[in-house]
Amino acid sequence: MNIPLIDLKAHHQALHAEITSAIQNILERTDFILGQDVAKFEEEFAAFCGTKYAVGVSSGVAALELSLLAFGIGPGDEVLVPAHTFTATAAAVSFTGAKPVFVDVDPGHLDSGCDQTRRSHHPEYKSDDSSSSLWPASRYGPDSRDLQKT
Ligand SMILES: Cc1ncc(COP(=O)(O)O)c(C=O)c1O
């Protein structure tokens, strides 16, 4: 029996006219890199997040890499990443020159965001060690209290 996981056609159908018209406008303006739609997105997303700025990038992995670079992560650093996540989490760490170190996830919420997880799975981790960082990836919704502590 073939059980479809997701019906992308049905999702797309509802948005087809809006997406087609937006793409058509981009093509007509030849806004192939950045342009007014990206600027509008950045402005609206910043407002949604309650931040001063938002930066649109080409992919999720690029967003992760840039965030790590903004924190000064690079060669010589270790970043703890959950063993249960998409490959982009560790790839972004590698792209900066830092070393991804896989840690197991908490069986309660399948994330590696809490300090307890850090300590139990990476005993050499010390919270005052600036060369060791934790990069939580929320696959199923974070336990916000744990992420706040992180
Ligand atoms: C947890 C996580 N991080 C990063 C990405 C990467 O996104 P992109 O494929 O846009 O680079 C994904 C994609 O599924 C993801 O699930």
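These legends describe close-up views of a predicted model.

**View 1. The whole chain.** The model is predicted. Its secondary structure amounts to six helices and three strands. Read along the sequence, the order is α-α-α-β-α-β-α-β-α. The protein has 150 residues, and buried residues make up 18% of them. Take contacts between residues at least 6 apart in sequence: 47% of these join residues at least 24 apart.

**View 2. Confidence along the chain.** The protein averages a pLDDT of 82. A score of at least 70 is reached by 72% of the residues. Confidence is highest in α2, at a mean of 96. Helix α6, residues 144-149, is where confidence is lowest, at a mean of 50. Where pLDDT is low, the predicted coordinates should not be read in detail.

**View 3. The shell around the ligand.** Nine residues surround the ligand. Those that come nearest are Ser59, Gly60, Val61, Phe86 and Ala88. Two helices, α3 (60-70) and α4 (88-96), each supply at least two residues of this shell. The largest share, three residues, comes from α3. By class, the shell holds five nonpolar and four polar residues. Charged residues are absent from the shell.

**View 4. The largest nonpolar core.** This core has 12 residues in all. Among them are Leu64 and Leu68, Val79, Leu80 and Val81, and Ala90, Ala92 and Val93. Ile73, Ala98, Val101 and Val103 also belong to the core. The elements that give two or more residues are α3, β1 (78-82), α4 and β2 (99-103). In soluble globular proteins, nonpolar side chains tend to be buried together.

**View 5. Contacts of Ala98.** Ala98 is one of the residues of the largest nonpolar core. Leaving out residues up to four places away in sequence, Ala98 touches Ile73, Gly74, Pro75, Asp77, Glu78, Val79 and Val93. Of these partners, Ile73, Val79 and Val93 are also listed in the core.

**View 6. Ala63 and Ala92.** Ala63 lies in helix α3. Ala63 counts as partly exposed because it has 15 C-beta neighbours inside 10 Å, while a buried residue needs 20 or more. Ala92 is a member of the largest nonpolar core. The two residues are 29 apart along the chain, and their C-alpha atoms are separated by 8.6 Å.

**View 7. The loop between α1 and α2.** Thr30 is found in the loop between α1 (8-29) and α2. Leu34 lies in the loop between α1 and α2 as well. Phi of Thr30 is positive, near 50°, although Thr30 is a residue other than glycine. Leu34 is not a glycine either, and its phi is positive at about 60°. Thr30 counts as exposed because it has 8 C-beta neighbours inside 10 Å. Leu34 is exposed too, with 10 other C-beta atoms within 10 Å. The limit for an exposed residue is 12 or fewer.

**View 8. Helix α2 and its end.** Helix α2 covers residues 36-49, 14 residues in total. From its first C-alpha to its last, α2 reaches 20 Å. That is close to the 20 Å expected at 1.5 Å a residue. The helix is hardly covered: the count of buried residues in α2 is zero. Gly50 follows α2, and its phi is positive, near 75°. Confidence is highest in this helix.

Key. Residues are numbered from 1 along each chain as its sequence is written. This is a predicted model: local features need pLDDT of at least 70, side-chain atom pairs count only at pLDDT 80 or more; totals for chains, interfaces and linings use all residues. A residue is near a molecule or strand if its C-beta atom, placed from the backbone, lies within 6 Å of it. Helices (H or I, at least four residues) and strands (E, at least two) are DSSP runs, numbered from the N terminus. Ala, Val, Leu, Ile, Met, Phe, Trp, Tyr, Cys and Pro count as nonpolar, Asp, Glu, Lys and Arg as charged, and the others, Gly among them, as polar. The expected span of a helix is 1.5 Å times one less than its number of residues. A nonpolar core is a set of buried Ala, Val, Leu, Ile, Met, Phe, Trp, Tyr and Cys residues joined through C-beta atoms within 7 Å. Two residues are in contact if their C-beta atoms, placed from the backbone, lie within 7 Å. pLDDT is the predictor's confidence in each residue, from 0 to 100.
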